[in-house]
Amino acid sequence: MTVSTENLRLVLGLKLRALRLKQGLPLKDVAEKAGMAVSYLSEIEKGKKYPKAEKLLDLSRALEVPFDDLVSLRVDEDLSPLKTFAGSNFLQEFPFELFGVKPEDLFDLVSEDPARAGALVRTFIEISQRYDLQVEHFLFAALRSYQQLHANYFPDLEDTAAAFRRREGLGASEPPSPERLRQLLQRRHGYRVDETSLSGHPELAGLRSVLARPSPPLLLVNPRLLPAQRAFILARELGYLELGLRERPRTSSWLKVESFNQVLNNFKASYFAGALLMDRERVVADLAEIFRAERWNPEFLLRGMQRYRATPEMLFYRLTELVPRFFGLKEIYFLRFGHHEGSDRFSLTKALNLSRVPVPHGVGPEETYCRRWLVLGLLGELAARRRSGDPIAAPIARAQKAAFLSDGVEFFVVAAARPLALAQRADSAVSVGFLINDAFRSTVRFADDPAVPRREVNLTCERCPLPDCAERAGPPALAERERQTARREAALAELLRSLPAS
C-alpha cells in the first residue's frame, strides 16, 4: 500500500470509528476523554484530519489501546478490504470531484457498518480481478460518464476553437489544411514537425504521433496517415497549447494511462481539434439541410467527409457533440469497430452511449457480436471485396433501421467503413444511431424512408433467440439458458399449485 498523507488519514479514521463502535462509546464520550471537540474528532473519523502526536496519544488513552496499534497501518480483518481500497490507485486517480464527491465521503457511506462495507469492497475487488479490470478502465468509464452528464457538448471548448479560428484568419467555409496547422505550430510555438522518423521503427508503426520532447518541442507524425488524420493530430497539438493542458500522453495511442488528468486533457484537446476542423455553425447548418430531405441518401455522409476533409470517425463523432444540443436528439450513440482480415472476431475499439438503451459494448471472449449490426456488415463487405481483388478507393456508407429485440425500440443507424491507413489488411467502421421517437420523426424528414432496410438485432449471438438467423456466428447458449430457467420456474409454480393445502 502506498503510504500517503491521505491514506494515513483514511486508515486512522476507519480504525478510530471501528474501535469506538466496538466499545459502544458515543462520539461525545471519546471526545471528552481525549480533551478535544466533538467536531474535530468527527473530522478525524471521516479521514479529513490527521491529529498531532499528543492528540493521538490522548485518543489511545481514551480508547484504551496501545499508541503503536492506533497509528500503525495494521487493521482488523473486517477492515482489510477498506484499507486496500483506501490505498488503491483507483481511489487516488478516480476523479470523484467531477461528480461532486470527495474520496472521504465514500467512507461516510460505509463506516456505519465496517464489516458489511468490507464485504462489499471485497466483492468489487474480486470482480475486478476476475475480469482483469485495471484502473484505466474505471478512468475511461469516468470520462464517458462525464461526457454523458454534459450531453457531450462543451461550450467553452467550442468557443476557444472558434476564437482561435477567428484570430488566425481561418475561415469557416473549409477546414484548415495540415500545412496551415503545421505553420501555426512552428510560428506560434516553435514546434518542429518530423514526418519521417516514425517510419524507421516497426514497433511504432501503429502510432499516429509521438511528442518526442516538449522543449524545444518535437512532434513525430506518422507519414502513412491520411491528410485528414494529419490535420487532426496537428489540431489536437494546438488544442493542448491553446487550452494550457500540461499533463498529457506523449503518444497518440494509449501505451500507459498514468492519471485521469491525462485522460481528460487528451479528450479536451481532441474536442478542440474536432471543433477547429469542423466549424460548429457550418456543421449545424449542413445538418439542418440534410434533415429536411425526404429520402435518405448515402451521399449525405460521403459529401460531408469530402467537405470537411474528415475521416468517417471524425465526422460521426462530431455529430454526437452537436446533434443532441442543437437538434434535441439526445438518444444517440457512437460505435467504432475494427477487423483484421482472416479473423472471425470484431473488436469494439470506441463507444459512447448517450441513450438509455444498452448498445454493443465490451463482451466476454465467449460471446460474438450480432452480425446483423450495420457496422459489422460493412466490415464484412470490405473483407469480401478485398478477397475478390476489388480495390477500395473510398469509404462505403449505408443506413439501417435497427430494431432491438431485447428492448422493443428502434434506432436509425448510419455507418461507414474504410481500410485502415496504418495497418495492412485491416478495416475500421463507425456508426451513429439515433433513437426513432417523436423527436426524431419531427426533426428528420427521412425518418420513415421505406428504402432504408429494417433489421432485428441483438447484442450477441449467444443472447439472441432468433431461430432462423442466416448471419448467426455462435450458438444461442445464453438465450437457451434463459428459456430453460423460465421453463423451470413455470414447472415449479405448477408443482406448488398442485400440492394439497396443509
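Helices and strands are taken here as DSSP runs, numbered from the N terminus. On that basis, the protein chain of this predicted model holds 20 helices and nine strands. Of its 502 residues, 46% are buried. The accessible surface amounts to about 25300 Å², and carbon and sulfur atoms account for 52% of that area. Contacts that span long stretches of sequence are well represented: when pairs at least 6 residues apart are considered, 66% of the contacts link residues at least 24 apart.

A good place to look more closely is the pair formed by helix α16 (residues 299–307) and helix α17 (residues 312–327). Two packed helices are described by the angle between their axes and the distance between the axes. For α16 and α17, the axes approach to within 9 Å and cross at roughly 105°. Since angles of 65 to 115 degrees count as roughly perpendicular, α16 and α17 are therefore roughly perpendicular to each other. On the α16 side, the contact is built from Leu301, Gly304 and Met305, and α17 contributes Pro312, Leu315 and Phe316. Sorted by class, this contact comprises five nonpolar residues and one polar residue, with no charged residues.

The burial pattern of α16 adds to this picture. Its buried residues are Phe300, Leu301, Gly304 and Met305. They lie on the same side of α16, because the arc they cover around the axis is only 130°. Leu301, Gly304 and Met305 are thus met again here, as buried residues that also take part in the contact with α17. The cover over the buried residues of α16 includes α17, together with α15 (280–291) and the strands β6 (396–404) and β7. Just after α16, the backbone at Arg309 adopts a positive phi of about 50°.

Strand β7 (residues 410–419), part of that cover, is also where Arg418 is found. Is Arg418 buried or exposed? Its relative accessibility is 9%, and because the cut-off for burial is under 20%, Arg418 counts as buried. Leaving aside residues up to four places away in sequence, the residues touched by Arg418 are Arg208, Leu226, Gln229, Thr311, Pro312, Leu382, Pro395, Asp427 and Ser428. Among them, Pro312 is one of the α17 residues in the contact with α16. Pro395, another residue touched by Arg418, lies 23 residues away along the chain, with 4.6 Å separating the two C-alpha atoms.

Note on methods: Residues are numbered from 1 along each chain as its sequence is written. This is a predicted model: local features need pLDDT of at least 70, side-chain atom pairs count only at pLDDT 80 or more; totals for chains, interfaces and linings use all residues. Side-chain values use heavy atoms; hydrogens and water are left out. Helices (H or I, at least four residues) and strands (E, at least two) are DSSP runs, numbered from the N terminus. Buried means under 20% relative accessible area, exposed over 50%, partly exposed in between (1.4 Å probe, protein chains only). Contact means heavy atoms within 4.5 Å. Accessible areas come from the Shrake-Rupley method with a 1.4 Å probe; for residues, only the protein chains shown count as cover. Axes are lines fitted to C-alpha atoms, for helices over the stretch in contact, and angles run from 0 to 180 degrees between N-to-C directions. Angles under 35 degrees count as roughly parallel, over 145 as roughly antiparallel, 65 to 115 as roughly perpendicular and the rest as oblique. Ala, Val, Leu, Ile, Met, Phe, Trp, Tyr, Cys and Pro count as nonpolar, Asp, Glu, Lys and Arg as charged, and the others, Gly among them, as polar. The arc is that of the directions from the helix axis to the C-beta atoms.
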